[in-house]
Every structure is written in C-alpha cells, then in structure tokens.
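Student: I would like to go through this model one element at a time. Where should we begin?

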Amino acid sequence: MDAIAISASPTEPDSRKPANRRLDKAAIKRAFLRNLVTVQGKFPALATQHDYYMALAYTIRDHLLQRWISTAATYTAEKSRTVAYLSAEFLMGPHLGNNLVNLGIHDKVQQAMNELGLDLDALLLEEHEPGLGNGGLGRLAACFLDSMATLEIPSLGYGIRYEFGIFEQAIVDGWQVEKTDKWLRYGNPWEVARPEWAIEVKLGGRTEHYLDDQGRKRARWEPARVVVGVPYDTPILGYHNNTANTLRLWQAEAPESFDFATFNRGDYYGAVESKVMSENLTKVLYPNDEPLQGKQLRLEQQYFFVSCSLQDMLRIMKVQHIPLEKFHEKFTVQLNDTHPAIAVAELMRLLVDERGLDWEPAWRITTRTFGYTNHTLLPEALERWSIGLFGSLLPRHLEIIYEINARFLDEVRLRFMDDPVRVHRLSLIDEGGERYVRMAHLACVGSYAINGVAELHSDLLKQDVLQDFHELWPHKFANKTNGVTPRRWMALSNPRLTSLITDAIGEGWVKDLDRLRALEAHTDDAVFAAKWRAIKHANKHDFAYLIRQRTGIGIDPDSLFDVQVKRIHEYKRQHLNVLHIIRLYHQLKTNPHLDIQPRTFIFAGKAAPAYHLAKLIIKLINAVGSVINRDKAVRDTLRVVFVPNFNVSNGQHIYPAAELSEQISTAGKEASGTGNMKFAMNGALTIGTLDGANVEIREEVGAENFFLFGLNTQEVQATLAAGYRPLDYYQNNPELKEVIDLIRAGYFSRGDTELFRPLVDNLMHHDPYLALADFEAYCTCQDQVSGAYRDSHHWTRMSILNTARSGKFSSDRTIREYAEHLWKTPPVSIELSGTGQQFVKPAQ
C-alpha cells in the first residue's frame with residue numbers, strides 16, 4: 001500500500017485510550033454480515049460454520065487495522081528503536097480468541113453472536129492454528145511478542161511462513177502417525193501479503209575477489225540460484241492498549257515462476273522446475289535432516305529468513321532516513337537459539353560487500369546489534385554444519401566466518417598465552433575429524449549479550465557448555481528466566497478462574513501478574529476456597545467431555561488429574577511416569593483391596609518422526625492405557641489417556657483442568673520449561689526435579705507447596721562419572737524389577753516380548769537420563785501426592801498459593817528485563833491517528 005488515509009472515531013475523546021466504544025453489538029453484527037457476503041460470498045442459508053468464523057475473523061481484523069497502521073506510523077515518524085526477534089519457530093496459537101481478549105471485546109462479541117443465533121465457542125474451534133513451531137521455543141516466541149506489544153515495546157518478529165507446519169499427530173493402534181498440517185487450506189484471514197517488499201536471496205555459486213576503485217580488497221558473490229522472499233504480516237495486539245506490532249513471516253518464491261520458452265519446447269515439467277525448487281524452501285517445518293538433502297534444506301531455510309529479515313531492516317532504515325552507521329541504534333536483533341546465528345555473517349556481508357563498509361566499522365556495528373539466547377544444554381542440539389555443505393551453499397559466508405575466526409583467535413591467544421587447547425575449543429571451526437562450523441560459537445562471538453533462560457540453565461552454561469566464552473567475556477552473560485503470557489494462558493484459557501480472581505483482587509493483575517500475591521489473603525477463606533474447587537472441578541468436567549469426544553475414553557472428574565504434556569523425549573522421562581503407573585497397577589492387581597487415590601494419568605506430546613525410542617514411548621503409554629482402561633478390576637481407580645495432536649488449542653483445555661504437573665526431566669537437562677509455569681498459574685501443583693525453571697517455581701511457591709524428588713544436577717553428574725549401572729537398580733529394587741518384567745514379558749503387548757525390547761534394553765543397560773536411578777524417589781514422592789490430595793482443603797490452599805505466587809513467570813517480567821537490561825528499548829505509546837489528517841506510508 002502506497003498511501004493510507006487514517007481516521008479516528010469522533011466519539012473517542014482520548015486517542016491514547018483503546019478505541020472500542022464505537023464497536024457496539026449492532027456494529028459488530030453489521031460488519032459480520034457484510035463480511036459474510038462481501039468476503040466469503042455466502043448468505044446465511046448457505047454458510048458453513050467455517051464461513052461464519054472467517055466473517056468474524058475479518059470483522060475483528062478490520063477493527064484492529066487502525067491500531068496496526070497507527071503503530072507503524074508512530075514508529076516511522078519517531079524512528080523508534082526496535083527489537084527484531086529472529087526465530088525459526090512461532091507457535092502463535094489461534095488468533096481470534098486472543099485478539100478478542102486483548103481488545104477487551106470478548107463478551108460484547110459473544111453477545112452479538114448469540115443474538116445472531118451463533119455460538120462464539122463453536123466459531124473459535126473452527127480456527128486451524130498455524131503449527132509453525134515444534135514446542136517450547138516457538139511458543140516462547142509467541143508469548144514474547146504478546147508481551148512486547150502489551151509493554152508497548154516496538155518490535156518485529158521475523159520467521160518463516162511454512163506452508164506445512166509441524167505434523168498433525170494421529171494415534172493408530174497406539175502408534176504416532178504423522179499427517180500433513182494443511183493450516184493454509186482455507187486461507188488465513190489474519191495476515192496481509194506484502195509482495196512490494198519482496199527480497200532476493202542468493203544461494204550456492206562462487207565468490208570473486210577484486211580491488212575496488214579505492215584499491216580496497218572486495219568480494220563479489222556470484223550465486224548459482226536466487227530465490228525471492230515475500231513477507232506476510234500478522235498484527236500482534238497488546239492487551240488493552242493501542243499497540244499492534246508485526247509478525248513478519250517469509251515465503252520463498254521463484255524470481256520467474258514460469259519459463260515460457262521451455263514450455264514451448266514441450267518440457268512442461270521443466271517450465272515450472274524453478275518454481276517448485278524455490279517454493280520447497282519454505283514448504284515444511286524442520287525437514288528430516290538425517291539425509292544430506294535434509295541438512296541442506298534446513299540450512300537454506302535458516303539463511304533464507306535471516307537474509308530476508310536483515311535486508312528488510314535495511315529497507316526500513318532507508319525509509320526512515322537513518323544512516324547505515326546507526327543500524328545498531330535503530331535495531332537490536334535477538335537470536336532465538338542458534339537457528340538464526342548465520343545472521344552474524346550475513347550482516348557482515350551486507351555491510352561490507354553490499355554497502356561498502358570497511359571490516360572494522362562493520363564488525364563494530366554487528367557486535368553491537370545481536371543478542372543471543374541459548375535454549376539448550378544438550379550438546380547435540382548446538383547446531384553445526386559441515387564445511388563442505390556450508391561452503392557449497394554459502395561460499396561467501398564461509399570466507400567471512402574464517403576471517404572472523406582468525407581475528408577472534410588472535411584475541412584469544414593474546415588473552416590466554418600458550419593455551420592451544422583452549423584456542424581449539426573456542427574456534428568457530430571444529431577441527432576434530434570432519435570440519436564443522438560451530439553456530440553457537442559464531443553467535444557468542446558476534447553478540448553483545450548471551451543469556452540463558454533459567455537461573456540453573458544460565459549457571460550451567462557458564463560452568464559447562466559455554467564455559468570458555470564466559471571466562472573470556474563474563475560481562476556478556478546474563479540470565480533471563482522465561483515466562484508465559486497470562487492473557488492466553490489464564491484470561492483466555494481459564495475464564496472461570498479469571499473471573500473469580502478479578503472479583504477478589506480487581507482487574508489489573510492480567511497486565512501485572514505480581515498482583516496475584518493479593519490472593520494469599522484468601523487462602524483461609526472457606527467460601528473463596530469452595531469456589532476455587534468448584535472451578536477446578538468444572539474445568540475437569542469440560543475436559544473429560546472433550547476427551548470422550550476425541551478418544552472415546554471416559555475419565556472421572558473426581559479423580560486426581562495427573563498431567564504430563566510436552567515433547568516426547570527420553571530426557572523428559574515420560575517413561576519414568578509410565579513405570580510408576582505400572583507399579584500402581586501391579587499393586588492393585590496383587591492386592592485388590594488396596595486403598596489407592598483414584599487418578600487419571602493424562603499424556604500429550606509429539607515425537608520427532610525419526611526418533612524411534614520416543615515413538616516407542618508413545619506406544620508404551622497407549623499400550624499400558626489400553627490394558628488398564630479395559631481391566632474392570634482397576635479402571636475405576638486408574639485411567640490412562642493420551643491426547644492426540646498436542647498444540648496450543650489443546651493446551652488451553654488441559655492446563656486449566658490439571659491438578660498435578662509432571663516436570664520430571666533429568667536434573668541439568670531442561671533449559672527452563674514453560675509448561676511448568678502454565679500449570680502453576682492455573683493452580684496445579686508440581687511434582688518435579690530441581691531442573692530448569694522448576695528450581696525458581698519451588699522458590700516462589702514455597703517448598704511446602706511443591707513435590708520434590710530425585711537427584712540434583714551435581715548428583716546426576718557424580719552418578720554418571722562413577723560409572724552408572726542401571727542394572728544394579730533393577731536387581732536391588734523388587735518393585736522396579738516387577739514393573740520392568742511385566743513389560744519384558746509382553747504383558748502390555750499381547751505377549752509380544754520383542755515390541756518394547758529396545759526401550760527396556762536401553763533402560764537396563766544405558767539409561768542415559770537416569771530414570772531407574774530416580775524411580776524409587778519418584779514413587780515415594782507420588783505416594784506423598786496421594787496423601788496430600790485426600791485433604792481437599794489443604795490441597796486447595798496449596799493450589800491457591802501456586803497461582804498467587806506465579807507472578808514472576810509472566811513473560812511481561814521477562815521482556816521488561818530484556819528491554820531494560822539488554823535491549824535498551826523504551827516503550828512507545830501509540831495514539832490513534834486523527835481524522836483525515838495523515839497519509840502514511842508504513843515502513844514496518
């Protein structure tokens with residue numbers, strides 16, 4: 001759009017206040033029916049539920065456009081310092097419900113739909129959420145965007161518009177089956193394509209070196225192919241303010257989608273080959289990177305969106321007439337894990353090769369631009385690329401990285417004389433065997449700040465994974481404990497609890513979660529506690545209904561809802577949870593009169609398609625559930641259910657219904673976790689190890705309101721160093737032996753003793769994440785949980801305190817710390833533009 005007339009409602013006297021007064025029920029209904037006809041091309045007699053959803057979505061999008069344009073106009077006019085958040089994943093979740101909450105019009109829209117004979121909740125279910133993330137990393141990015149908009153911090157989220165997101169998970173005969181996530185099948189009403197801002201991205205080819213007209217050495221990249229990145233923008237609303245920031249996702253296209261000459265020669269497939277190859281680049285989230293082609297595609301994806309994003313920032317600077325030398329003053333670029341780390345080399349290429357800067361000033365700009373967030377303690381998750389692959393795809397970047405490395409290692413040698421081993425460890429190039437580019441090292445060298453995402457995680461980064469970098473640059477390191485947005489995970493997901501809390505302490509807590517502390521005054525209020533229990537029971541009843549619809553399994557809302565929902569991985573130890581379930585089952589079978597607290601064990605999560613052991617864990621969960629749920633002797637006491645296709649939408653039903661949150665990863669393996677925070681906010685109690693953010697949750701809610709078990713990080717390290725023998729635990733613990741023997745004997749696999757052999761053998765002879773070592777402590781702690789749950793009044797008190805003391809874990813607090821301590825980005829208030837007075841060409 002070249003020029004847009006912006007007008008404000010004459011009924012809104014204060015342009016700084018959210019403008020919702022003119023959107024009354026009548027206006028909503030008129031706009032809704034107009035969009036049904038003019039956008040969907042339907043009238044009510046022919047319209048489907050999805051048509052109604054689309055009409056409502058366009059109605060709300062039209063309403064928020066004034067905020068979006070006013071925000072862009074303000075940032076452009078003020079040349080606002082802006083956070084560019086680079087992430088390979090953005091797991092945004094459904095937009096409609098979240099936008100209604102943030103606009104403060106949920107109830108008004110619900111009433112309008114009711115008057116039209118429609119159910120808003122049913123319409124919300126029609127939205128196919130974009131699965132543009134694998135789990136915690138993408139969901140964290142979404143929470144951060146929400147908080148940046150709520151705190152009025154100018155920001156741009158940059159990522160990839162994958163045509164097919166994370167697979168849809170079906171469970172067939174207990175096994176995970178991956179199905180294509182066709183989230184764009186019916187279109188996306190929340191995005192706006194910006195083809196006029198398309199970017200060209202080079203790939204492959206070779207470099208040429210020459211002297212410029214001033215006699216300086218220069219390099220020219222002659223690519224083998226070029227793809228075009230087209231941006232698609234989605235508005236990200238702040239809560240009850242006028243800010244609407246932007247999520248900009250890039251889609252790959254061919255420069256020429258159709259070769260007419262080739263077509264005329266009869267080569268019909270060749271005529272569209274370039275189009276197909278280019279579009280494959282953003283076709284799918286995280287292709288299988290075991291084969292070389294998968295590795296290449298993944299590297300291409302990372303470079304593609306990084307290059308598009310940095311070039312887009314340079315375009316914005318040109319529009320705002322900001323000198324190139326002030327790039328780092330206009331933008332602070334946050335790297336969300338190592339996926340976008342190639343940005344360090346790409347910005348150097350753009351500044352030196354494309355804009356003609358000398359190396360030193362370009363490097364000063366680069367190292368003042370980037371901040372790097374590390375999200376993992378697992379060495380295999382720290383990305384590295386073989387020199388051969390990297391050089392064939394990004395030849396100029398490899399040269400730049402060699403130069404960065406040479407200059408960096410000179411600095412290391414000056415700082416640490418006669419320490420070649422340290423030099424080898426710090427090098428950006430792994431020289432041990434096949435040579436690799438170490439992307440985490442590149443991020444550390446090229447960033448002004450490096451942070452972990454929980455206090456324990458940050459300490460372990462400094463002590464282990466990035467120890468050498470910490471010794472070199474201790475001033476770069478900081479901790480920024482993760483958080484989650486209370487708008488989606490409380491106000492939207494748990495409206496009953498939100499209403500109760502608001503009645504008790506007022507409305508401000510949704511934007512200032514520390515105010516939840518005021519709930520502590522109500523812990524001994526019998527009437528308040530009874531309402532709290534009734535809300536939890538109602539949420540459980542709703543969830544039980546949903547589970548029966550989706551799985552056919554009936555669960556008892558009066559039982560303890562024991563929940564573990566997260567990505568399936570050995571270190572997260574879903575198999576430890578299953579071992580405990582089998583223990584309880586065995587106890588009931590051998591002693592039918594045993595008084596055991598009734599429980600429903602709820603699992604959800606996806607396994608990476610190539611991760612066989614994780615998929616076998618899913619099969620085991622379902623196999624154990626199938627036996628228990630069919631056994632009349634125990635099924636009134638124990639139930640096991642696996643919720644297929646865990647995503648944001650399903651999480652919004654699960655967290656409010658949960659009573660026990662399973663956070664049982666091996667100590668020292670989880671960076672932070674954010675599901676643990678969502679559970680605590682919604683009043684679930686945690687059973688967990690001292691891992692990730694569990695440590696801080698326990699500190700905040702109180703040790704007496706947290707069920708702790710297991711080895712701590714130091715004990716894990718000592719156990720492994722001493723030569724851990726899991727077989728000893730099997731032989732010395734009769735209960736554990738009985739449990740594993742049941743699996744080995746084929747009790748849960750219809751007599752097939754081979755089905756679970758890989759999993760059992762791994763536990764018995766390797767057990768890299770110490771499930772057997774923690775089994776006894778876990779079971780003892782679970783017995784304590786059962787005892788505590790029987791005292792409903794005390795359990796309710798602990799539940800209230802978990803919510804009351806969860807304020808630290810709002811993403812608002814996290815983002816405020818980033819903004820104040822690292823980014824130095826002041827808030828910018830947005831005033832809605834005046835009637836007919838401005839014609840603005842938005843820059844971002």
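Tutor: Begin with a term: two strands pair if DSSP finds at least two bridges between them. The model is a predicted one.

Student: Which residue in β16 stands opposite Asp-430?
Tutor: β15 and strand β16 (residues 436-438) pair in the antiparallel sense over two bridges. The residue in β16 that Asp-430 faces is Tyr-436.

Student: Which strands stand at the edges of the sheet that holds β14, β15 and β16?
Tutor: This open sheet has three strands in the order β14-β16-β15, with antiparallel pairing. An edge strand has a single partner strand, so one side of it is left without a neighbour in the sheet. The edge strands are β14 (384-386) and β15 (429-430).

Student: What angle does the direction of helix α16 make with that of β16?
Tutor: Helix α16 covers residues 439-446 and packs on the sheet. The helix touches β14 and β16. Its direction and that of β16 make an angle of about 40°.

Student: In the open sheet of six strands, what is the strand order, and which strands are at the edges?
Tutor: The pairing in this sheet is parallel, and the order is β21-β20-β19-β22-β23-β24. Each edge strand pairs on one side only; the two are β21 (638-643) and β24 (707-708).

Student: Which residue in β20 is the bridge partner of Asp-562?
Tutor: Strand β19 (residues 560-565) and strand β20 (residues 599-604) pair in the parallel sense, over six bridges. For Asp-562, the bridge partner in β20 is Phe-601.

Student: Which helix packs on the sheet and touches β20 and β21?
Tutor: The helix covers residues 612-630, and its direction makes about 140° with that of β21. It is α23.

Student: Which helix gives the largest share of the largest nonpolar core?
Tutor: That core has 111 residues, and those with the most contacts inside it are Leu-86, Phe-390 and Phe-408. Leaving aside neighbours within four places in sequence, Leu-86 is in contact with residues including Phe-305, Val-306, Ser-309 and Met-313. The largest share is 11 residues, and it comes from residues 292-319, helix α9.

Student: How many residues are in the second, separate core?
Tutor: Among its members are Tyr-611, Val-627, Leu-660 and Phe-756. The number of residues in this core is 65.

Student: How many of the residues of α9 are buried?
Tutor: α9 has 28 residues and reaches 41 Å from its first C-alpha to its last, close to the 40 Å expected at 1.5 Å a residue. The helix is followed by His-321, whose phi is positive, near 60°. α9 is mostly covered, and its buried residues number 21 of 28.

Student: On which residue is the kink in α31 centred?
Tutor: The 20 residues of helix α31 (residues 771-790) should span 28 Å at 1.5 Å a residue, and the end C-alpha atoms are 28 Å apart, which agrees. There is nevertheless a kink of about 30° in α31, centred on Ala-777.

Student: Is Arg-573 buried or exposed?
Tutor: Arg-573 lies in the loop between β19 and α22 (574-590). Its phi is positive, about 60°, although it is not a glycine. With a relative accessible area of 0%, against a cut-off of under 20%, Arg-573 is buried.

Student: How does His-240 count in terms of accessibility?
Tutor: His-240 is placed in the loop between β10 (225-237) and β11 (244-253). Its phi is near 55°, a positive value in a residue other than glycine. Its relative accessibility is 37%, so His-240 counts as partly exposed.

How values were computed
Residues are numbered from 1 along each chain as its sequence is written. This is a predicted model: local features need pLDDT of at least 70, side-chain atom pairs count only at pLDDT 80 or more; totals for chains, interfaces and linings use all residues. Side-chain values use heavy atoms; hydrogens and water are left out. Helices (H or I, at least four residues) and strands (E, at least two) are DSSP runs, numbered from the N terminus. Contact means heavy atoms within 4.5 Å. Axes are lines fitted to C-alpha atoms, for helices over the stretch in contact, and angles run from 0 to 180 degrees between N-to-C directions. A nonpolar core is a set of buried Ala, Val, Leu, Ile, Met, Phe, Trp, Tyr and Cys residues joined through side-chain atoms within 4.5 Å. Buried means under 20% relative accessible area, exposed over 50%, partly exposed in between (1.4 Å probe, protein chains only). The expected span of a helix is 1.5 Å times one less than its number of residues. The bend at a residue is the angle between axes fitted to the seven residues ending there and the seven starting there.
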